[in-house]
Amino acid sequence: MIKIKKQSIFPLIFAVSFNTLVYVGSRLIAADWHHYNIESSLDRLIPFWAPSVLIYLGCYLFWGVNYILIAQQGKKEVCQFFSADFLSRIVCLAFFLLLPTTNVRPDIAPDGFLNQLMLYVYSVDAADNLFPSIHCLVSWFCYIGIRGKEEISVWYRGFSCLMALCICASTLLTKQHVIIDVAGGILLAEICFLTGKKTRIWKLYEKVLDRINAILFPRERTA
């Protein structure tokens, strides 16, 4: 059973809240703007495969488990990771507003559970905010956040890499994203993760976290 450290509660809640704010807020702002279709001829060769929707939606459990695992690391690693996570959403927001993108979704017959589930996804998730793919960004963060961590079993690190790749593939097979969206999400995760580790940005995050935790848990020291 995974137990969440008290000092990790704010980073987790803030990560989810800020991600939602960026995704929903940018959609509201740019709803009526012109959106660019950056689909390539190669994307048109990728078939729609309804079962991939199960992986596409199953990612939320994967995200939750791995972000909690990452939040159990030492304070420095937590601040480095979550400052990188925050920075990546700032970049996403800039792209969503400066280069709004869209794609062409296939016509799906409402036959069978999987097709209906896919149609439901289409109905609640408009074809916008595509580049870079947040689905791929977060999934790759879930892997690189535990990559090389010896306290995490080798099999689970391998599983996380495979799962992240499968989720990236599912975004293409569900026609939710195109290839450049996937590449952009993975590349952005790597760049921001490296930035969080190699620059002093994480120290700013640490100062904010210390002040918030001092308010939330006044009688406890931050670990």
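The following exercises treat the pocket, the cavities, the salt bridges and a surface patch of a predicted model.

**Exercise 1. Characterise the largest pocket by volume, lining and residue class.**

Step 1. The volume of the largest pocket is about 650 Å³.

Step 2. Its lining comprises 31 residues, and those nearest the centre are Asn19, Tyr60, Trp63, Ile134 and Val138. Two or more lining residues come from each of helix H1 (9-30), helix H2 (52-71), H3, helix H4 (112-124) and helix H5 (134-144).

Step 3. Sorted by class, the lining of this pocket holds 18 nonpolar, 8 polar and 5 charged residues.

**Exercise 2. Describe the cavities of 30 Å³ or more.**

Step 1. The search of the whole structure returns 2 such cavities.

Step 2. The largest cavity encloses about 60 Å³. Among the residues that line the largest cavity are Glu39, Asp43, Lys175 and His177. Its lining is made up of 4 nonpolar, 2 polar and 3 charged residues.

Step 3. The second largest cavity encloses about 40 Å³. Its lining includes Phe14, Phe18, Phe82, Phe86 and Tyr205, with at least two residues each from H1 and H3. Here the classes are 7 nonpolar, no polar and 2 charged.

**Exercise 3. Determine which parts of the chain are tied together by the salt bridges of Asp128, Lys75 and Arg147.**

Step 1. The whole structure contains 8 salt bridges.

Step 2. Asp128 pairs with Arg27, with 2.6 Å between the closest N and O atoms. Because Asp128 belongs to the loop between H4 and H5 and Arg27 to helix H1, this pair ties together parts 101 residues apart in sequence. Both Asp128 and Arg27 are buried.

Step 3. Lys75 pairs with Asp210, again with the closest N and O atoms 2.6 Å apart. Lys75 is in helix H3 and Asp210 in helix H8 (residues 201-216), so the parts joined are 135 residues apart in sequence. Lys75 is partly exposed at 21% relative accessible area, and Asp210 is partly exposed at 25%. Lys75 and Asp210 also belong to a salt-bridge network with Lys203 and Glu206.

Step 4. Arg147 and Glu190 form a salt bridge at 3.0 Å, N to O. Arg147 lies in the loop between H5 and helix H6 (154-173) and Glu190 in helix H7 (residues 179-198), 43 residues apart.

**Exercise 4. Establish whether Leu98 is buried or exposed, and place Leu98 in the surface patch.**

Step 1. Leu98 lies in helix H3 (residues 75-98).

Step 2. The relative accessible area of Leu98 is 72%; the cut-off for exposed is over 50%, so Leu98 is exposed.

Step 3. Together with Tyr36, Phe95 and Leu99, Leu98 makes a nonpolar surface patch of about 400 Å².

Technical notes. Residues numbered from 1 in each chain as written. Predicted model: local features only at pLDDT ≥ 70, side-chain atom pairs only at ≥ 80, totals over all residues. Heavy atoms only, no water. Patch = residues over 30% accessible without salt bridge, like charges linked within 9 Å, V, L, I, M, F, W, Y side chains within 5 Å. Areas by Shrake-Rupley, 256 points an atom, 1.4 Å probe, with all protein chains shown as cover. Salt bridge = Lys/Arg side-chain N within 4 Å of Asp/Glu carboxyl O. Helix = DSSP H or I, 4+ residues; strand = E, 2+ residues; numbered from the N terminus. Buried < 20%, exposed > 50% of the residue type's maximum accessible area, 1.4 Å probe, protein only. 1 Å grid on protein atoms, 1.4 Å probe; cavity = no way out; pocket = protein on both sides within 12 Å on 5 of 7 lines; lining within 4 Å. Points joined across faces, edges and corners; volume = space filled by probe spheres on them. Nonpolar A, V, L, I, M, F, W, Y, C, P; charged D, E, K, R; others polar.
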